[in-house]
Amino acid sequence: MKELIEQLKTQVENAEIKNTTDLEQFRIKYLGSKGEIKNLFNDFKNVPNDQKKEIGQQLNQLRMATEDKFTLLKEQLESSDESAGSLDFSRSGESFPLGSHHPISLVRAEIIEIFSRIGYTVSEGPEIEDDWHNFSALNFPPEHPARDMQDTFFIEKGENEMALRTHTSSVQVRVMENQQPPIRTISPGRVYRNEAISARAHCFFHQVEGLYIDKNVSFADLKQTLLYFAQELFGEKAQIRLRPSYFPFTEPSAEVDVSCSICNSAGCNVCKYTGWLEILGCGMVDPNVLEASGIDSTVYSGFAFGMGIERITQLKYKVNDLRLYSENDIRFLNQFKSAL
Ligand code: DAH
């Protein structure tokens with residue numbers, strides 16, 4: 001018996017185990033319920049009493065050594081198993097989900113880029129505005145319908161009237177109050193109107209205001225600037241046309257259409273078969289506005305324009321429901337992943 005134990009001990013010590021199959025065979029052979037060690041334990045009853053103590057100890061040592069070897073090898077094999085986290089530096093990295101730029105941010109960035117190439121700075125103003133900057137300084141008559149409760153979200157009525165700005169034209173007043181010409185700036189930002197939410201109207205949206213004030217600025221400068229902008233944004237074939245219009249803060253005023261890039265002006269349901277799409281309002285800054293902001297209208301003239309970012313985005317990306325922009329639907333947003 002003693003010899004058998006010794007033999008097994010050396011066998012166990014020398015057993016070569018390279019993988020989990022070897023290990024399982026090792027376990028069955030030595031530690032299994034019909035394994036070598038179990039057999040020895042079964043034979044133990046035949047050991048003469050005076051040797052029982054010594055042989056019993058040896059047998060227990062053998063069993064413990066075998067079990068230890070088994071546990072150690074098991075741990076080693078598991079930790080070298082790939083799925084259990086060994087480091088393989090040649091493996092490609094795990095990709096993790098990336099966000100995307102919001103289409104409104106993409107188009108705002110593009111508009112800023114286009115105007116910054118011809119020397120425009122970016123200026124911003126507050127979204128909560130007083131009556132002066134949003135209306136009065138912009139030559140809105142006291143009874144103008146745009147001041148109506150229906151269009152404007154008022155925060156405070158009365159003498160210290162405060163409201164959510166209804167357009168980014170308020171920023172031109174702030175810029176002119178703080179800066180003397182030459183001024184060349186665009187003001188992107190969020191605006192608010194008290195409208196029922198639908199596919200075509202929303203209670204908040206985004207605009208970019210443009211302002212150029214200097215000596216001898218003409219309507220031709222305005223037209224050329226807008227043509228440059230339209231061609232940078234929609235491609236060099238883009239054409240613009242100006243239609244006479246009215247805004248309190250510009251004189252003369254115009255609305256600008258761009259040739260429909262969806263049907264190449266052939267006529268489609270987006271341009272309502274006219275071949276033209278309205279994109280912005282503009283005009284020569286009314287002398288009253290210049291004076292109200294502290295600029296001498298006998299020396300300086302200038303033009304201004306204002307456009308809705310959602311409108312431009314709708315044309316660029318063919319999104320025809322305004323509500324999609326603020327619903328945070330990942331399925332919608334994911335489509336803009338490759339857009340920058
Ligand atoms: N503020 C106008 C609006 O919200 C847009 C606009 C029109 C801005 C003409 C201008 C302008 O600067 O000259 O509808």
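**Figure 1. Polar contacts between the ligand and Arg 193, Gln 207 and Glu 209**. In this predicted model, an oxygen atom of the ligand lies 2.9 Å from an N or O atom in the side chain of Arg 193. For the side chain of Gln 207, the distance from a ligand oxygen to an N or O atom is 2.9 Å, and for that of Glu 209 it is 2.5 Å. On its own the ligand exposes 350 Å², of which the protein buries 88%. A polar contact is a pair of N or O atoms within 3.5 Å; within protein, one must be able to donate a hydrogen and the other to accept it, and residues adjacent in sequence count only if both atoms are side-chain atoms. Accessible areas come from the Shrake-Rupley method with a 1.4 Å probe, and for residues only the protein chains shown count as cover.

**Figure 2. The shell of residues around the ligand**. The ligand is surrounded by 15 residues (a residue counts if one of its heavy atoms lies within 4 Å). The closest are His 167, Ser 169, Arg 193, Gln 207 and Glu 209. At least two residues of the shell come from each of α7 (169–178), β6 (204–214), β9 (276–285) and β10 (301–308). Helices (H or I, at least four residues) and strands (E, at least two) are DSSP runs, numbered from the N terminus.

**Figure 3. Helix α1 and its buried face**. The 13 residues of α1 (residues 2–14) should span 18 Å at 1.5 Å a residue, and the 19 Å between the end C-alpha atoms agrees with this. The expected span is 1.5 Å times one less than the number of residues. Ile 5, Leu 8 and Val 12 of α1 are buried. Seen down the axis of α1, its buried residues fall within an arc of 65°, so they line one face of the helix; the arc is that of the directions from the helix axis to the C-beta atoms. Glu 3, Glu 13 and Asn 14, on the other side of α1, are exposed. Buried means under 20% relative accessible area, exposed over 50%, and partly exposed in between (1.4 Å probe, protein chains only). The buried residues of α1 pack against α2 (20–31), α3 (36–43) and α4, where contact means heavy atoms within 4.5 Å.

**Figure 4. Thr 71 in helix α4**. Helix α4 covers residues 49–79 and includes Thr 71. Thr 71 counts as partly exposed because its relative accessibility is 40%. Its C-alpha atom is separated by 58 Å from that of Ser 326, 255 residues away along the chain.

**Figure 5. Two cis peptide bonds, at Pro 182 and Pro 252**. Most peptide bonds are trans. The bond from Pro 181 to Pro 182 is cis, with omega near 0°, and Pro 182 sits in the loop between α7 and β5 (183–192). The bond from Glu 251 to Pro 252 is also cis, with omega near -5°; Pro 252 belongs to strand β8 (residues 250–259).

**Figure 6. Positive phi at Lys 272 and Asn 328**. Most residues other than glycine have a negative phi. Phi of Lys 272 is near 50°, and this residue is in the loop between β8 and β9. Lys 272 is exposed, with a relative accessible area of 60%. Asn 328 has a phi of about 55° and is placed in the loop between α10 (309–317) and α11 (330–333). At a relative accessible area of 57%, Asn 328 is exposed.

**Notes to all views.** Residues are numbered from 1 along each chain as its sequence is written, and side-chain values use heavy atoms, with hydrogens and water left out. In this predicted model, local features need pLDDT of at least 70 and side-chain atom pairs count only at pLDDT 80 or more, whereas totals for chains, interfaces and linings use all residues.
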